[in-house]
Each structure stands twice: as C-alpha cells, then as structure tokens.
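Me: I would like a close look at one part of this protein, followed outward into the rest of the chain. Here is the model.

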Amino acid sequence: MTMRTILKSWIDRYFSDEEALILLLVLVAGFAAIIWFGRMLAPFFTALVLAFLLQGVVSSLTRRGIPHLLAVIIVFLGFISVLLTLAFILMPLIWTQLVGLVQETPRMFASGQGWLDDLQARYPNLITPDQMQSWIGVASREISQLGQRALTLSLASLGNVMSLIIYLVLVPILVFFMLKDRQTLVDFTLSLLPQKRTLLTRIWHEMDHQIANYIRGKSIEIIIVGTVAFFTFAFFGLPYTALLAVVVGLSVLVPYIGAAVVTIPVAAVAGFHFGISEQFAYVLIAYGVIQALDGNVLAPVLFSETNNIHPVSIIVAVLFFGGIWGFWGVFFAIPLATLLKALVYAWPRGIAERDEEKQLPAVEHEQAPSNRGT
C-alpha cells in the first residue's frame with residue numbers, strides 16, 4: 001500500500017463528511033484569529049471571559065423572576081465594585097509588598113549564603129567549596145536577571161498607563177453590552193455559520209456547560225485558596241502575606257506544577273523570616289495542608305461535572321497552550337483539552353461506521369422482546 005493510498009484512505013475516513021470539513025474550517029479560523037490577532041483583541045477576549053463568568057449569575061436572577069435588564073444591572077454593579085476594590089485596595093497593597101520583597105532580596109540572598117557556608121562547614125564531605133561557589137554564582141545571576149526584569153517591567157509599565165486605563169474603561173463597557181445583548185450577539189454569530197451545523201451544535205452543547213463550570217469553578221477556587229492562604233500566613237505572622245496569598249491562589253491555574261513551583265517563594269520568605277525553626281516547619285506544613293485540601297476536596301467538588309482528563313494530558317495541555325497564549329493559555333488549558341477530547345470522540349469516522357451506528361438501535365430494538373420474554 002503506497003503512501004498516497006494511505007493518505008487518501010485517511011482523508012476519506014475523517015473528512016468525507018461535509019460537516020467535518022465545516023468544523024475543521026471553523027476551528028482553523030478560530031485558532032488563527034486568536035494567534036494572529038490575540039494581542040490586538042485582548043480587551044475583547046478579556047470581556048468575553050468575564051461576561052461568560054457573570055452570565056450564570058444573570059441567568060440565576062432571571063430564573064427567580066427578576067427582569068433581564070435589571071439582573072444585568074445588578075450583576076454589572078457588583079462586578080464594578082469588585083473591580084474597583086481590586087484596583088484601589090488589593091493591587092496597591094500587592095505592588096507595595098512586591099517592591100519591598102525585591103528590595104529585600106539581597107538580604108535574603110546574603111542570609112542564604114551564610115546558611116550554605118554553615119552547612120558546608122558542618123558537612124564538608126557532602127558539599128564541596130566548588131559546588132557551593134557554583135550554586136552561589138547561579139543564584140547571583142538569577143537574582144541579577146530578576147532585578148533587570150523588574151526594572152524593565154516597571155519602565156515598560158510607565159509607558160503603558162494609558163493602555164491600562166483603556167482596559168479599565170473598555171472592558172467593563174464590553175462586559176455590560178455582552179450581558180445585555182447576549183441573545184442578539186449569539187444569533188448574529190450563528191447567522192455567520194453554515195446552515196448545516198449539526199456536528200458543531202452537538203459539540204458546542206457538550207462543551208458549553210463544561211467550560212462555564214470550569215471558568216466559574218476555577219475563579220471560586222482561586223478566591224478560596226488565596227483567602228485561606230492569606231489568613232493562614234497572617235496567623236503565623238509571615239511578611240508579604242497578600243503577595244504570597246495571590247501567588248498561592250493563582251497557582252491552582254496550573255495543576256500539579258503550580259503547587260510545586262509556589263513552594264519555593266513561600267519557603268524562601270518563611271526561611272528568611274523565621275530561620276530553620278519550628279515556625280518555618282509549621283508554615284510549610286500549613287501550606288501543604290492547603291494544597292492537599294484543594295487537590296483532594298475543593299477541586300473535586302467544584303469540577304465534579306467536568307470530564308476527567310489524565311494528568312499527563314493536563315500537563316501537556318498547560319505546556320502547549322501556555323506556550324502559545326501565555327496566561328490565558330494556562331487558564332484555558334483544561335477546557336481546550338476537554339474540547340479536543342470531545343472532538344476526538346464526536347468527529348465523524350467514515351460512512352460505514354455511521355451506518356453501523358444507525359443500525360445499532362434497530363438491532364437492540366429487535367432483541368428487546370426476546371429479553372423480556374425470558
């Protein structure tokens with residue numbers, strides 16, 4: 001069998017259906033638009049995610065008899081209140097703590113170097129002076145690069161103040177109109193698609209509830225984990241509590257990897273503040289308990305209705321989509337992996353297989369009477 005025959009057989013198997021070609025074109029066009037115009041349309045995509053997140057609250061209010069417009073206004077005012085709280089209370093606090101942490105980094109590095117010297121003196125056969133100097137050199141380069149990145153980020157942010165203001169004004173406006181005119185926008189989008197879209201409709205209905213559940217569940221998970229981490233770190237008197245709590249909350253975006261990576265700054269701050277003591281151990285134990293409860297209790301409750309995906313698939317999806325779209329790629333890695341899984345199972349696989357699927361209910365119907373008679 002030649003390569004041409006194999007390729008033709010594969011195309012006939014997976015693309016003989018007209019709807020399969022339509023679905024392929026829609027997917028390619030959608031991904032191309034996001035990749036090429038994602039930065040330009042970032043405010044629109046941000047507003048789309050937020051509107052998708054808030055639509056569940058609007059629907060819940062309308063089911064209780066509240067008029068649609070009034071429900072949209074109530075939800076929108078709540079959204080604006082949260083946004084203003086983040087912009088004028090939480091973000092300045094986080095920024096102040098971040099600046100303080102960057103300024104204190106040299107002292108933390110000196111303390112770590114003293115700890116390594118003491119460790120080398122106690123165990124000279126375990127850690128050689130060359131190894132210690134190599135570690136110190138690597139740490140110095142990393143800290144130097146971190147400082148340069150922070151300086152570059154601060155200088156770049158000065159030039160992007162107008163862009164930030166545009167985001168703060170434009171995104172809420174887009175969110176309001178997406179909530180208010182949701183049905184009109186949906187009807188317009190459907191009018192752009194081909195009339196024959198049974199496969200598209202089936203996959204969308206399968207994914208709609210799962211994506212909505214994931215976005216809302218992940219947002220709730222971030223808030224709960226971050227809040228619990230904040231009060232836990234504050235109870236132990238750990239500095240930079242707000243900053244560390246935000247980092248711990250955002251770590252749930254990347255399953256398995258996030259918890260391991262965030263352990264480093266938590267351990268570094270606790271070790272510098274408490275030293276290698278019982279308090280240091282208590283902070284790490286408390287952090288481990290938070291991550292264990294999140295992974296084994298909170299996440300299963302919040303995402304009980306989503307498809308189970310193998311951990312290897314999740315990690316690959318995070319690496320792939322995060323490398324393409326950055327933060328949003330990481331955030332949507334699991335929904336996109338779920339979408340790909342749904343596509344694999346729903347994609348037409350040739351005329352013969354579809355005929356077998358159509359004949360299967362008839363066969364079951366013929367066998368049913370004999371089963372009841374036995």
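With which residue does Asp181 form a salt bridge, and how far apart are the closest N and O atoms? Please start there and describe the surroundings too.

Reply: The model is a predicted one. In it, Asp181 forms a salt bridge with Lys180, and the closest N and O atoms are 3.1 Å apart. Asp181 has a relative accessible area of 25%, so it counts as partly exposed. Lys180 is partly exposed as well, because its relative accessible area is 32%.

A search of the whole structure finds two salt bridges. Besides the one just described, there is a salt bridge between the side chains of Lys218 and Glu221, with an N to O distance of 3.1 Å. Lys218 and Glu221 are three residues apart in helix α8, which means that about one helical turn separates them. An α-helix has 3.6 residues a turn, so residues three or four places apart point the same way. Both Lys218 and Glu221 are buried, whereas Asp181 is partly exposed.

Back at the starting point, the helix to look at is α6, which covers residues 161-180. Phe176 is found in this helix. Its relative accessibility is 21%, and because buried means under 20%, Phe176 counts as partly exposed. Leaving out residues up to four places away in sequence, Phe176 touches Val72 and Phe76. Phe176 also belongs to an aromatic cluster, together with Phe76, Phe79 and Phe177. Two members of that cluster, Phe176 and Phe79, are 97 residues apart in sequence, yet their C-alpha atoms are 9.8 Å apart in space.

The rings can be described further. A pair of aromatic rings is described by the distance of the centres and the angle of the planes. The structure has six aromatic pairs. One of them joins Phe176 and Phe177: the centres are 5.4 Å apart, the planes stand at 80°, and the pair is edge-to-face. Phe177 has a relative accessibility of 41%, so it is partly exposed. Phe235 and Phe236 make another pair, with centres 5.3 Å apart and planes at 80°, so this pair is edge-to-face too. Phe235 is exposed, because its relative accessibility is 68%. Phe236 has a relative accessible area of 18%, so it is buried.

Next come the nonpolar cores. The largest nonpolar core has 55 residues, and those that touch the most other members are Ile203, Phe233, Leu238, Val248, Val266, Val269 and Val283. Helix α8, residues 198-235, gives the largest share of this core, eleven residues. A second, separate core has 14 residues, including Leu61, Val171, Met178 and Leu179.

Phe233 shows what contacts a member of the largest core can have. Apart from neighbours within four places in sequence, Phe233 is in contact with Leu238, Thr241, Leu244, Ala245, Val248, Val266, Val283 and Tyr287. Among these contacts, Thr241, Leu244, Ala245 and Val248 are buried residues of helix α9. Helix α9 spans residues 241-250 and is mostly covered, with seven of its ten residues buried. Val248 is also in contact with Gln291. The other contacts of Gln291, beyond four places in sequence, are Ser251 and Ala259. Gln291 lies in helix α11, residues 278-302. Gln291 has a relative accessible area of 15%, so it is buried.

On the surface, there is a nonpolar patch formed by Ile35, Trp36, Phe37, Met40, Leu41, Phe44, Leu48, Phe320 and Ile324, with about 950 Å² of accessible area together. Helices α2 (18-37), α3 (42-63) and α12 (311-325) are the elements that each give two or more residues to this patch. The largest share, three residues, comes from α2. Leu48 sits in helix α3. Its relative accessibility is 41%, so Leu48 counts as partly exposed.

Finally, the chain as a whole. The protein chain has 15 helices and zero strands. Of its 374 residues, 31% count as buried. Its accessible surface comes to about 23,700 Å², and 70% of that belongs to carbon and sulfur atoms. Among contacts between residues at least 6 apart in sequence, 73% join residues at least 24 apart.

Methods: Residues numbered from 1 in each chain as written. Heavy atoms only, no water. Patch = residues over 30% accessible without salt bridge, like charges linked within 9 Å, V, L, I, M, F, W, Y side chains within 5 Å. Areas by Shrake-Rupley, 256 points an atom, 1.4 Å probe, with all protein chains shown as cover. Salt bridge = Lys/Arg side-chain N within 4 Å of Asp/Glu carboxyl O. Helix = DSSP H or I, 4+ residues; strand = E, 2+ residues; numbered from the N terminus. Buried < 20%, exposed > 50% of the residue type's maximum accessible area, 1.4 Å probe, protein only. Phe/Tyr/Trp six-rings, centres within 6.5 Å; stacked < 30°, edge-to-face > 60°. Contact = heavy atoms within 4.5 Å. Core = buried A, V, L, I, M, F, W, Y, C linked by side-chain atoms within 4.5 Å.
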